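Colleague: I should be grateful for a close look at a single part of this model and at its surroundings. Please write for a first-year student.

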Amino acid sequence: VVQNDDLVRFKYFIKHASLFPKASFVDPTYQMSLPWAQTVNGATDAMVHILEGCLNSRDGTEEVVTLGQNRVVRPLHHRGHRPASSPTPTTSPPALTSCLAATLALDGQSDIGLGGGHWTCHMLEHGLSAAKPSVPHGAGLGVLMPAVMKRVAERDADGHAIVLRLLSNIFGAKTVDEGLDAWRATMRRWSAPTSLRVFGFESMADLEPCLKSAIEGHLAGGIRPATPEDARAIYEMSL
């Protein structure tokens with residue numbers, strides 16, 4: 001559970017076995033009446049959950065697992081090809097597959113064996129929506145994730161190799177920049193934002209409270225822990 005404290009503009013995490021449901025029903029018909037923006041935000045959140053788990057992969061065994069997990073991202077990506085103006089989808093095989101994929105992502109099963117994940121993107125988004133609760137979680141993640149992957153790819157050879165492998169597997173990209181362009185093109189096709197300016201953040205001065213909240217919330221990292229400098233760079237690249 002994530003609880004927002006509006007007084008101090010901070011998000012707290014609450015974990016306990018009593019919060020787990022005794023049973024979950026995975027039925028895509030429950031999703032068919034959702035507004036398009038909410039559908040996109042949910043799919044984006046699921047994609048980022050999977051990718052953040054994969055960004056922690058280091059050795060050869062985990063590399064194989066990482067490639068397998070991205071097969072869960074692909075149905076979410078391809079499911080979103082429906083334009084925002086088209087009719088409500090039916091319970092087609094893509095809808096069934098994407099529903100299961102999102103379930104595996106959001107309940108943590110997609111991260112098994114990947115060393116705990118690299119949750120910098122989530123921490124930075126929580127900083128955004130703690131400062132401005134009107135920022136949709138999934139939309140914020142969709143804006144930040146390309147900058148997170150760019151930062152990971154730039155810092156060392158291991159990071160570059162992992163990010164390129166992920167983007168190649170999802171989008172068929174031959175370079176990191178090509179893959180990040182494909183991510184942003186997907187967001188635009190889904191009528192989702194690609195800049196923090198959409199949410200009213202015009203400069204780093206506007207993002208300073210978000211940065212403070214994200215740092216206090218503990219920046220996470222995989223191959224190399226994220227630093228306050230990483231966080232600032234990611235916000236700047238996302239404007």
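Modeller: The account that follows begins with helix 1, then turns to the nonpolar core and to two single residues. The model is a predicted one, and residues are counted from 1 along the chain.

Helix 1 covers residues 36-54. This helix has 19 residues and reaches 27 Å from its first C-alpha to its last, close to the 27 Å expected at 1.5 Å a residue. A residue is called buried when its relative accessible area is under 20%. Of the 19 residues of helix 1, 15 are buried, so the helix is largely enclosed by the rest of the structure.

One partner of helix 1 is helix 4, which spans residues 120-131. The two axes come within 9 Å and cross at roughly 135°. Helix 1 and helix 4 are therefore oblique to each other. On the side of helix 1, the residues that meet helix 4 are Asp-45, Val-48, His-49 and Glu-52; on the side of helix 4, Thr-120, Cys-121 and His-122 take part. Sorted by class, this contact has 2 nonpolar, 3 polar and 2 charged residues.

Val-48 also leads to Trp-183. Apart from neighbours within four places in sequence, Trp-183 is in contact with Thr-44, Met-47, Val-48 and Leu-51, as well as Gly-142, Met-145, Pro-146, Met-149 and Phe-171.

Trp-183 belongs to the largest nonpolar core, which has 50 residues. Within this core, Trp-183, Met-145, Leu-196 and Tyr-235 touch the most other members. Several helices each supply at least two residues of the core, among them helix 1, helix 4, helix 5 (137-155) and helix 9. The largest share, 10 residues, comes from helix 5.

Leu-196, named above as a core member, is also a contact of Ser-238. The place of Ser-238 is in helix 9, which runs over residues 228-238. Is Ser-238 buried or exposed? Its relative accessibility is 2%, so Ser-238 counts as buried. Leaving aside neighbours within four places in sequence, Ser-238 is in contact with Val-143, Leu-144 and Ala-147, and also with Thr-194, Ser-195 and Leu-196.

Lys-174 offers a contrasting case. This residue is found in the loop between helix 6 and helix 7. Lys-174 has a relative accessible area of 69% and is exposed. Lys-174 and Leu-164 are 10 residues apart in sequence, and their C-alpha atoms are 7.6 Å apart in space.

Technical notes: Predicted model: local features only at pLDDT ≥ 70, side-chain atom pairs only at ≥ 80, totals over all residues. Heavy atoms only, no water. Helix = DSSP H or I, 4+ residues; strand = E, 2+ residues; numbered from the N terminus. Buried < 20%, exposed > 50% of the residue type's maximum accessible area, 1.4 Å probe, protein only. Contact = heavy atoms within 4.5 Å. Core = buried A, V, L, I, M, F, W, Y, C linked by side-chain atoms within 4.5 Å. Expected span 1.5 Å × (residues − 1). Axes fitted to C-alpha atoms, helices over the stretch in contact; angles between N-to-C directions. Parallel < 35°, antiparallel > 145°, perpendicular 65-115°, else oblique. Nonpolar A, V, L, I, M, F, W, Y, C, P; charged D, E, K, R; others polar.
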